[in-house]
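Trainee: Could you take a close look at one part of this model with me, the salt bridges and what they connect? I'd like the whole story in one go.

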Amino acid sequence: MAKPAGRSVSGREQVDWEYINEELRDIPADFREQRFHALKHVVDIFSSGDPQGKTAQIRDHEARIGDLVDMVVEGYYTGFAHSIQSYSQILQQFQDARQQVRP
């Protein structure tokens with residue numbers, strides 16, 4: 001996405017949230033629950049006729065989610081890094097001011 005002249009682009013605008021949400025919808029609901037129950041899936045894998053196939057599916061989901069996380073991190077990294085740098089500078093100024101005030 002091209003950045004308009006004179007306007008900064010936020011991470012929210014750089015990340016294709018529509019694509020991310022579409023990809024997440026393709027991941028089975030069991031894997032999106034906050035309370036993930038791995039034992040249920042382990043039993044499912046071992047009792048299936050194709051444990052390697054089931055494992056490959058899970059690895060595919062993991063890779064897709066990893067790619068989505070990378071997209072979000074790349075989209076927000078610059079702003080996050082700038083915030084941390086600003087915070088560090090503010091903290092350093094407070095420490096310098098404290099040392100100047102001490103007798």
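**Salt bridges and their surroundings**

Mentor: Sure, and let's start with the overall surface: the protein exposes about 8,800 Å², with carbon and sulfur atoms supplying 55% of it. Keep in mind that this is a predicted model. Of the 103 residues in the protein, 12% are buried. The secondary structure comes to five helices and zero strands, so reading from the N terminus on you get α-α-α-α-α. As for contacts between residues at least 6 apart in sequence, 62% of them join residues at least 24 apart.

Now to the part you asked about. Side chains of opposite charge can pair when their charged atoms come close. The structure holds five salt bridges, and I'll walk you through three of them.

Take Glu-23 and Arg-64. Their closest N and O atoms are 3.0 Å apart, and the two form a salt bridge. Glu-23 lies in helix α2 (residues 17-25) and Arg-64 in helix α5 (residues 51-101), so this pair ties together parts that are 41 residues apart in sequence. Have a look at how covered each partner is. Glu-23 has a relative accessible area of 14% and is buried, because the cut-off for buried is under 20%. Arg-64, at 21% relative accessibility, counts as partly exposed. If you leave out residues up to four places away in sequence, Glu-23 touches Arg-64 and Leu-68.

Arg-64 has another acidic partner. Its side chain meets that of Asp-26 in a salt bridge, at 3.6 Å from N to O. Here the acidic residue sits in the loop between α2 and α3 (29-32), while Arg-64 is in helix α5, so the pair ties together parts that are 38 residues apart in sequence. Asp-26 is partly exposed, with a relative accessible area of 48%. So on the acidic side you have a buried Glu-23 and a partly exposed Asp-26, with Arg-64 forming a salt bridge to Glu-23 and to Asp-26.

Next, move along to Asp-44 and Lys-54, whose side chains meet in a salt bridge at 3.3 Å, N to O. Asp-44 belongs to helix α4 (residues 38-47) and Lys-54 to helix α5, so what gets tied together here is parts that are 10 residues apart in sequence. Both partners are partly exposed: Asp-44 has 35% relative accessibility, and Lys-54 has a relative accessible area of 28%.

Back to Arg-64 for a moment: salt bridges that share partners join Glu-23, Asp-26, Asp-60 and Arg-64 into one network. Picture that with Glu-23 in helix α2 and Asp-26 in the loop between α2 and α3, paired with Arg-64 in helix α5.

While you're looking at helix α4, which holds Asp-44, check out its nonpolar side chains too. Val-43 also lies in helix α4, and at 48% relative accessibility it counts as partly exposed. Together with Leu-39, Val-42 and Phe-46, Val-43 makes a nonpolar surface patch of about 440 Å².

Conventions. Residues are numbered from 1 along each chain as its sequence is written. This is a predicted model: local features need pLDDT of at least 70, side-chain atom pairs count only at pLDDT 80 or more; totals for chains, interfaces and linings use all residues. Side-chain values use heavy atoms; hydrogens and water are left out. A salt bridge is a side-chain nitrogen of Lys or Arg within 4 Å of a carboxyl oxygen of Asp or Glu. Helices (H or I, at least four residues) and strands (E, at least two) are DSSP runs, numbered from the N terminus. Buried means under 20% relative accessible area, exposed over 50%, partly exposed in between (1.4 Å probe, protein chains only). Patches are made of residues with over 30% relative accessible area and no salt bridge: like charges are joined within 9 Å, nonpolar side chains (Val, Leu, Ile, Met, Phe, Trp, Tyr) within 5 Å. Accessible areas come from the Shrake-Rupley method with a 1.4 Å probe; for residues, only the protein chains shown count as cover. Contact means heavy atoms within 4.5 Å.
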